[in-house]
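Here is a short tour to follow with the viewer open. Keep the selection panel handy, and let us walk from stop to stop.

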Amino acid sequence: MSEGVSIVGGGHAVFGKRKESGLRDLAHEAVRDLFNTTNVSKSDIDATVIGVAGDGFNGQGSPAAVINTELGLHGLPTIRVESACATGTAGIISAYNMIKSGLRDAVLVVGAEKMTSISSGEATELMARAGDLRWEFPFGVSFPGYYALIASAHMAEYGTTREILSSIGVKNHYYASKNKLAHIRKEVSLEEAMGAIDIASPLNLYDCSLISDGAAAVLLTKDSIAKKFTDTPISIKGIGQGTDTMMMAQRESLTELKGAQRAAKEAYAMAGVTAADINLATVHDCFTIAELIAMEDLGFYKKGEAGQAVLDKQTYHDGKIPINVDGGLKAKGHPLGATGVSQAVEIRKQLLGEVESERQVDGAVRGLSHNVGQSGQFVNVLIYERSDL
Amino acid sequence: MSAKFGYVSEESYPAIAKKFAMNIAKKKFIGNKCTTCDKKYFPPRTACEDFHETMEDYPVNNVGELKAWTIIHFAPENMADRAPYAVGIAELEPGIRVLAQIPSLMQKPKIGMKLELQAQQVDAVRFTYKWVVIKD
């Protein structure tokens, strides 16, 4: 069997409404952070994989080329990947494949998105177009609307309450307030979160992730050269992927993402572990209900039992299974193409004990990331592990 | 006559969507069915997902039960002047679920409530269907 693949460095731009920075500037900021914090130089890179989810947010066609040039890596092979909001992990999986096949030794993955150049109404329309354009977009279903449909079904079936959903938002805002890379570093109270204005009921403002600008980068290499760049490579132990129907109406179930269940099963099998072996997770909380069903789809909790675990604060950094202790998409922010790469950067730092002390998970050696495109049309689950211990 | 489907749309109009909208204009809800494997589709598909050759019309029953709902308050830009509006997914028969607006409903919808699919003319060329709550 060919050798494994490791992450040897990570970089991260500050997420937020970055008025003064364009797509290329954000990407450059993330890669600069990678170079500044790792023993890597440009000449070590064989190829780049660049993930940008949308073309409509800033009007730049072929965004990979502009980013590759901004990084001064023009001349090297590059490809662009797109899997909606799962673009970032699609990039990591593509780089993994390039290395695993023997084609390349070291591949830089950059995920970036510039979303705030257009109004939030326009951004809402752009994201609604990622619903079925022929049969569901014509009814005006927004992206929050798709997850609101799931929330209504989960509430009816399992008694999930407004308080459970808002408690997820409260947790994620709390951790974003401790994360210097986060978009909104402000805590919210349960009362504020429960009483916020409706966006797509049953979901309100504090159930919804942010429209953010941002970028993140990781360098992947084959294991045999990883130690050249760092004493502490993070090994990619498991990869799983799953999908579901384009139309929400055609889903077999409206209280779970079948694609996430399949992806988790594959990733656990490849890594040779179970949900109980995971020390922390970053899950795709584009909406609070998405975090709740992820807890169930990933096997951390049985169907219908995640809600009580949320109320018991089992997903805080010192709880049974810490989830999104970086603030999540909810409050760290959700620059679409950057999100999956940002999850990897966060897990790497957590495993190395390098995050802010108020949110550091003690002794974590294995982390999972769950990255969802649209409302489950793409799901990627990755399992990362410290390989030096 | 030509007809378009839905409140708003972007896709240029393929024959199957035109025909579907024209049927709605005549108050008919017609999906299709694969003549080989009997798999049913609503809205219709140009061809069966299992790649069999021929399809035939399949008119659906128009009474369903609500499975999921949302009320869109902050709408996509091109629907902003219609917000807020309720959207529901209801099941007409096993395997056939339909997403549509529930225009008459602004109270909190109830999962399991009975709904009837009715044709709605949006403007001169635009047709869609909507869910109407059936009174007990």
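Begin by selecting B:Pro84, which is found in the loop between E5 and E6 of chain B; helices (H or I, at least four residues) and strands (E, at least two) are DSSP runs, numbered from the N terminus. The peptide bond leading into B:Pro84 from B:Ala83 is cis, with omega near -5°.

Before moving on, please note that this is a predicted model, in which local features need pLDDT of at least 70 and side-chain atom pairs count only at pLDDT 80 or more, while totals for chains, interfaces and linings use all residues. Residues are numbered from 1 along each chain as its sequence is written, and chains are lettered from A and ligands numbered from 1 in the order in which they are written.

**Chain B: another cis proline and a small sheet**

Now pick B:Phe42 and B:Pro43, which are joined by a cis peptide bond with omega of about -5°. B:Pro43 has its place in the loop between E3 and E4 of chain B.

Colour those strands together with E2 of chain B, and you have an open sheet of three strands, ordered E3-E2-E4, with antiparallel pairing; strands pair if DSSP finds at least two bridges between them. At the edges are strand E3 (40-41) and strand E4 (55-59) of chain B, each of which pairs on one side only. Between strand E2 (residues 30-34) of chain B and E4(B) there are five bridges, and the two run antiparallel. To see one of the bridge pairs, select B:Ile30 and its partner in E4(B), B:Pro59.

**Where the chains meet**

Show both chains and select the contact between them: 30 residues come from chain A and 34 residues from chain B. Residues are in contact here if their C-beta atoms, placed from the backbone, lie within 7 Å. On the side of chain B that touches chain A, strand E5 (63-72), strand E6 (85-93) and strand E7 (96-101) of chain B each supply at least two residues. The largest share, six residues, is from E5(B).

Colour that side of chain B by class and you will find 21 nonpolar, seven polar and six charged residues. Here Ala, Val, Leu, Ile, Met, Phe, Trp, Tyr, Cys and Pro count as nonpolar, Asp, Glu, Lys and Arg as charged, and the others, Gly among them, as polar.

Which strand of chain A is joined to E5(B) by two bridges? Strand E5 (residues 198-201) of chain A is, and the two run antiparallel. Zoom in on A:Ala200, which stands opposite B:Ile72 in E5(B).

**The big picture of chain A**

Hide chain B and look at chain A, with its 13 helices and 11 strands. Its C-alpha trace spans about 55 × 45 × 40 Å along the principal axes.

Select the strands in the order E3-E2-E4-E7-E1-E8-E11-E10-E9 (chain A): these nine form an open sheet with mixed pairing. Strand E3 (78-81) and strand E9 (280-282) of chain A stand at the edges with a single partner strand each, so one side of each is left without a neighbour in the sheet. From one strand to the next, the twist averages 30°; angles run from 0 to 180 degrees between N-to-C directions, and axes are lines fitted to C-alpha atoms, for helices over the stretch in contact.

Within the sheet, strand E4 (residues 106-113) of chain A pairs with strand E7 (residues 214-222) of chain A in the antiparallel sense over eight bridges. A:Val109 has A:Val218 as its bridge partner in E7(A).

Then follow the chain to A:Gln374, in the loop between strand E10 (366-373) and strand E11 (378-386) of chain A. A:Gln374 is not a glycine, yet has a positive phi of about 55°.

**Helices on chain A**

Add helix H3 (residues 87-100) of chain A, which runs at about 170° to E4(A). Helix H13 (residues 336-352) of chain A runs at about 120° to E4(A).

For the last stop, select helix H6 (residues 162-176) of chain A with H10(A): they pack at an angle of about 100°, their axes 8 Å apart. The contact involves A:Ile164, A:Leu165, A:Ile168 and A:Gly169 of H6(A), and A:Thr288, A:Ile289, A:Glu291 and A:Leu292 of H10(A). By class, those residues divide into five nonpolar, two polar and one charged.

Notes:
Contact = placed C-beta atoms within 7 Å.
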